[in-house]
Amino acid sequence: MNNFFDRIANELKIITEEGNFRSLKKISDRRGKITEKDGKSLLNFSSNDYLGFCDDSKLQKEFYSALDSNPYKYSPGSSASRLLGGNFELYDKLENEIESLYQIDNRKALVFNSGYHANLGIIQALCKKGDLIISDKLNHASIIDGARLSEAEFIRYAHNDHVHLEKILSDNPDRNKLIITESVFSMDGDSADIAGLCELKKKYNAMLYLDEAHSFGVYGSNGGGMASELNLLSQIDILVATFGKAAGGVGAFIYAENNIIDYLINKCRSFIYSTALPVVSINWNLFALGEIMISQSRRNHLKHISNILRNRLNTAGLQTSGNSHIVPVFVGKSSDAVMFSSFLENESIAAFAVRPPTVPVGSSRLRLSLSSAFTVSEIEHAADKIIEAAGKIL
Ligand SMILES: Cc1ncc(COP(=O)(O)O)c(C=O)c1O
């Protein structure tokens, strides 16, 4: 037998024995906060539709009716990369809108096909041999992969541990240093101390890269994210956010100094060598960006229901972390997390188990991500069911 096949079979066996085998779940329909699986409607705690845009038929109607009849506006493909004929003028419009959201002199925006493409390509393009990438231990896989693809040295600091980070910074005085963090961490729902990171980056002359995937749309009075909310935007050298979560679309963007953007257009492989997003997606992102800016009541409601859920679970003795709209419920063993998730599915709640390698061994969990489309009574009902499941399984 060929070695590849042996090795693959063996690894699959181990993954299964450890309770970490993943398979694709068939979703036959999705109506915003409701997802349909095997003919059953489930309240969806597994989406990243934080502002409920996917659930909002009024928004969707408004969007489609504003598109004129030119079929190009609906085109499902773009036929080329942006450098080779896929750079529709709508891209400019979208990038200009992002720029007017943030408004810092000498900075501009560049749209990518996804957050994964953005992190992978930007980090690889900017960091060279001899440089040092210092990344929070819990940063997303796309950041890790970008760092690995670059020729720079890659060190991870313990999660949110600025003492550890400072030691690494001070041990490397003469190198180009890039500190990378998420603002809201995707699997733990906690946040980076952005103000503290800005201090450190100044003190050690480093560059700061902030991935706002889970905070764009959700924080800031105009939805610009956590750096905007904290008034620290001008100190963030590279800001990345995705349209795939709160904006309810697909794609991502970077906002950074003009030279960095021009450099990426010339050097960033994931930008250069991939077909551009279709016009309909760019159009939606443009529309969603406008909605994000005026969605403060959705942001307030999301915060309110996140607090209700976290308080209820904590009062019942369940372990959660963070204080955002992402509420992990720590379970421990992968097999328990899977059982937990199946129990909830029987109760018409979709909350998928997150297991290694996405999270460290022994910290399997349910990741509950909330949407402003949820009502308080839906949240209270879900909390009751989660507490009941915990009583049975843990
Ligand atoms: C922190 C972070 N960055 C980037 C991404 C990738 O974004 P996208 O889904 O647009 O590829 C994710 C996706 O979950 C994420 O959590």
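This is a dialogue about how to read a predicted model of a protein chain with a ligand.

Student: What kind of model is this, and how are the residues numbered?

Tutor: The model is predicted: local features need pLDDT of at least 70, side-chain atom pairs count only at pLDDT 80 or more, and totals for chains, interfaces and linings use all residues. Residues are numbered from 1 along each chain as its sequence is written.

Student: How many helices and strands does the protein chain have?

Tutor: Helices (H or I, at least four residues) and strands (E, at least two) are DSSP runs, numbered from the N terminus. The protein chain has 14 helices and 14 strands.

Student: What does the radius of gyration say about the protein chain?

Tutor: The radius of gyration is taken over C-alpha atoms, and the globule rule is 2.2 Å times the number of residues to the power 0.38. For 394 residues, a compact globule would have a value near 21 Å; the protein chain has 21 Å, which agrees. Along the principal axes, the C-alpha atoms of the protein chain fill a box of roughly 60 × 55 × 55 Å.

Student: What share of the residues counts as buried?

Tutor: A residue is buried if 20 or more other C-beta atoms lie within 10 Å of its own, exposed if 12 or fewer, and partly exposed in between; C-beta atoms are placed from the backbone. In the protein chain, 47% of the 394 residues count as buried.

Student: Is Glu11 buried or exposed?

Tutor: Glu11 lies in helix H1 (residues 3-17). Glu11 has 10 other C-beta atoms within 10 Å, so it is exposed. Its C-alpha atom is separated by 45 Å from that of Glu229, 218 residues apart along the chain.

Student: In what order do the seven strands of the open sheet stand?

Tutor: Two strands pair if DSSP finds at least two bridges between them. Here the order is S4-S10-S9-S8-S7-S5-S6, with mixed pairing. Strand S4 (107-112) and strand S6 (153-157) are at the edges with a single partner strand each, so one side of each is left without a neighbour in the sheet.

Student: How are neighbouring strands of this sheet turned against each other?

Tutor: Axes are lines fitted to C-alpha atoms, for helices over the stretch in contact, and angles run from 0 to 180 degrees between N-to-C directions. In this sheet the turn is 20° on average, direction ignored.

Student: Which strands do helices H3 and H7 touch?

Tutor: Two residues are in contact if their C-beta atoms, placed from the backbone, lie within 7 Å. Helix H3 (residues 89-102) packs on the sheet and touches S4 and strand S10 (252-257), its direction making about 135° with that of S4. Helix H7 (residues 194-203) also packs on the sheet; H7 touches S7 and strand S8 (207-211), and its direction makes about 155° with that of S8.

Student: How do strands S5 and S7 pair?

Tutor: Strand S5 (residues 132-136) and strand S7 (residues 177-182) pair in the parallel sense, over four bridges. One bridge has Leu132 with its partner Lys177 in S7. Leu132 and Lys177 are also touched by Asn172, not counting residues up to four places away in sequence. Asn172 sits in the loop between helix H6 (162-171) and S7.

Student: Where is the second open sheet's edge?

Tutor: Four strands form that sheet in the order S1-S2-S3-S12, and the pairing is mixed. The edges are strand S1 (27-31) and strand S12 (349-350), each with a single partner strand, so one side of each has no neighbour in the sheet. Strand S3 (residues 40-44) and S12 run parallel, joined by two bridges.

Student: Which residues are closest to the ligand?

Tutor: A residue is near a molecule or strand if its C-beta atom, placed from the backbone, lies within 6 Å of it. The ligand is surrounded by 13 residues, the closest being Ser114, Gly115, Ala213, Thr242 and Gly244. Helix H4 (residues 115-126) gives the most to this shell, with three residues.

Student: What is unusual about the backbone at Gln103, Asn205 and Pro357?

Tutor: Most residues other than glycine have a negative phi, and most peptide bonds are trans. Gln103, in the loop between H3 and S4, has a positive phi of about 50°. Asn205, in the loop between H7 and S8, has a positive phi of about 55°. A cis peptide bond joins Pro356 and Pro357, with omega about 10°.
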